[in-house]
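Student: Got a minute to go through a structure with me? I'd like to poke at a few local details.
Tutor: Sure, put it up and ask away.

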Amino acid sequence: MLILKNAKAIFPDRVREKNVIVKDGKIVDICGRFDGRTENAEIIDCGGLYLSPGFIDVHVHGGGGYSAMSGNPDDIIKMCEAHAWYGTTSILPTTLAAPIGKIQKAMSAIDDAMGKCGKCNILGIHLEGPFLSQEMKGAQSPENILAPSGHDPAELLDYSENIKMMGAAPETEGGFDLGLEISKRGIVASVAHSNAVYDDIEKALEYGYSDVTHLYSACSSVTKVNLFRIGGVVEAALALDGYTTQFIADLRHLPAGILKLIYKCKGADKAYAITDGLEFSAMEIDEGGIYTQENGLATVYEDGVMKLADRSCLAGSVATCAKLVRNLYKSADIPLADAVRMATLTPASVSGVQKYKGKISNGYDADLVLFDSDVNVKLVTVKGTVIRNDTKKSGVK
């Protein structure tokens with residue numbers, strides 16, 4: 001038994017002073033008074049710090065120096081453990097556009113790692129591509145972007161039972177039918193790296209698409225055709241209730257004002273934070289350092305973000321979910337309960353695990369994060385097992 005006492009517990013709609021009791025990996029009681037019974041229990045005094053559900057990142061390509069594309073299950077475990085140290089207790093390792101065989105190898109490695117990773121929950125696989133728009137390729141390798149009409153998506157969709165999400169551009173040839181193929185398997189179809197116009201994205205709802213990948217990044221926005229303006233992916237995602245929306249809250253891909261806009265339009269139950277972290281996330285890296293991604297593209301770390309080496313495009317973040325929550329709370333002035341919800345319960349709902357992950361509630365998995373008022377992580381538990389405890393060195397009594 002584990003007892004976390006004197007915590008400011010963060011619930012989906014409020015923060016309350018509570019004691020949280022954990023047994024056999026589950027939350028078994030949440031009480032305002034603690035009677036002091038300590039039989040066979042480990043007691044951690046949270047000292048009035050904030051206790052949150054463990055963060056859930058459904059779009060992350062690597063971490064700690066390890067890539068989800070390496071094809072090595074040990075690398076998958078190490079990338080997940082790197083993020084878990086910063087409070088991300090559940091992850092969807094995310095692939096990049098690559099040759100089909102390489103993506104399949106990466107999927108096999110993720111499948112293998114799922115049963116072996118004890119310090120982080122691997123929820124399944126997120127396929128970002130390869131059926132994307134060349135016009136909105138971003139940092140994806142253009143030679144590996146495919147049109148769904150010319151390839152059989154079943155090569156990927158039937159390869160693993162653990163695929164939870166797939167990003168694709170619906171406006172490409174065969175892209176609408178691809179949405180039906182994705183969604184009929186119970187997989188989330190996310191509009192990704194898309195140059196579609198508003199009407200295309202509205203139509204895509206009828207073809208199974210229900211999510212939008214990293215809003216404002218590698219997706220179309222309002223343009224002027226002749227004398228008239230038309231909306232793009234951004235406007236459709238913000239306006240249409242049928243879409244949930246990912247966004248990268250590292251304050252590099254999007255400034256605080258845009259984070260406020262997304263929150264105001266979609267709310268904490270429809271918008272959720274992702275890191276889009278590369279293998280260089282959740283680790284210390286040097287300003288100005290040149291790094292090569294698993295897909296072969298050269299990148300440089302500058303100004304707190306990874307850029308393509310020619311500085312033509314952002315290449316992905318090096319953030320952690322704790323940093324995302326800090327930015328939402330401190331820089332975008334979003335209430336803490338909502339900032340946490342967008343990194344916990346909302347991504348849990350999108351990935352289908354909301355009945356046992358994503359909030360502090362009786363019967364839920366004891367994936368928990370303790371942090372201070374600046375969202376500096378002090379304690380992490382995964383299914384009740386303490387994997388990080390800095391409460392003593394940080395002065396928590």
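Student: Which residue in β20 stands opposite I290?
Tutor: That's V300. Keep in mind that this is a predicted model.

Student: Noted. How many bridges join β19 to β20, and which way do the strands run?
Tutor: 3 bridges join them, and the two strands run antiparallel.

Student: What does V300 stand opposite in β21?
Tutor: K307. β20 and β21 are joined over 4 bridges, again in the antiparallel sense.

Student: And what links β20 to β21?
Tutor: A hairpin, with 2 residues between the strands. D303 sits in that turn and has a positive phi of about 60°.

Student: Is β20 mostly covered or mostly open?
Tutor: Mostly covered: β20 spans residues 298-302, and 4 of its 5 residues are buried.

Student: OK, zoom out. What's the strand order in the whole sheet?
Tutor: The order is β19-β20-β21-β22, an open sheet of 4 strands with antiparallel pairing. β19 (290-292) and β22 (314-316) are the edge strands, each pairing on one side only. From one strand to the next, the twist averages 45°.

Student: How many bridges hold β21 to β22?
Tutor: 2 bridges, with the strands antiparallel. M306 stands opposite G316 of β22.

Student: Switching to helices. How far does α1 reach, end to end?
Tutor: α1 covers residues 73-84, so to speak 12 residues, and reaches 17 Å from its first C-alpha to its last. That is close to the 16 Å expected at 1.5 Å a residue.

Student: Anything at the start of α1? What does the N72 side chain reach?
Tutor: A side-chain oxygen of N72 comes to within 2.9 Å of the backbone nitrogen of D74.

Student: Why is α1 described as largely enclosed?
Tutor: Because 9 of its 12 residues are buried, the rest of the structure largely encloses α1. Among the buried ones are I76, I77, M79 and C80, and D75 and H83 are buried too.

Student: What's the packing angle between α1 and α2?
Tutor: About 65°, with the axes 8 Å apart; α2 is residues 100-114. The crossing is right-handed.

Student: Which residues make that contact?
Tutor: From α1 you have P73, I76 and I77, and from α2 there's A109, I110, D112 and A113. P73, I76 and I77 also turn up among the buried residues of α1.

Student: Now the backbone oddities. Which peptide bond is cis?
Tutor: The one from G129 to P130, with omega near 15°. P130 is in the loop between β11 (125-128) and α3 (154-157). As background, most peptide bonds are trans, and most residues other than glycine have a negative phi.

Student: On that phi point, what's the value at D333?
Tutor: Near 60°, so to say positive, in a residue other than glycine. D333 is in the loop between α8 (321-331) and α9 (336-341).

Student: And why does D333 count as exposed?
Tutor: Because its relative accessibility is 55%, and the cut-off for exposed is over 50%.

Student: What about V375, what's its phi?
Tutor: Near 60° as well, a positive value in a residue other than glycine. V375 lies in the loop between β23 (368-371) and β24 (377-382).

Student: Buried or exposed?
Tutor: V375 is buried, with a relative accessible area of 0%.

Notes
Residues are numbered from 1 along each chain as its sequence is written. This is a predicted model: local features need pLDDT of at least 70, side-chain atom pairs count only at pLDDT 80 or more; totals for chains, interfaces and linings use all residues. Side-chain values use heavy atoms; hydrogens and water are left out. The expected span of a helix is 1.5 Å times one less than its number of residues. Buried means under 20% relative accessible area, exposed over 50%, partly exposed in between (1.4 Å probe, protein chains only). A polar contact is a pair of N or O atoms within 3.5 Å; within protein, one must be able to donate a hydrogen and the other to accept it, and residues adjacent in sequence count only if both atoms are side-chain atoms. Two strands pair if DSSP finds at least two bridges between them. Axes are lines fitted to C-alpha atoms, for helices over the stretch in contact, and angles run from 0 to 180 degrees between N-to-C directions. A crossing is left-handed if the near helix is turned anticlockwise from the far one by less than a right angle, and right-handed if clockwise. Contact means heavy atoms within 4.5 Å.
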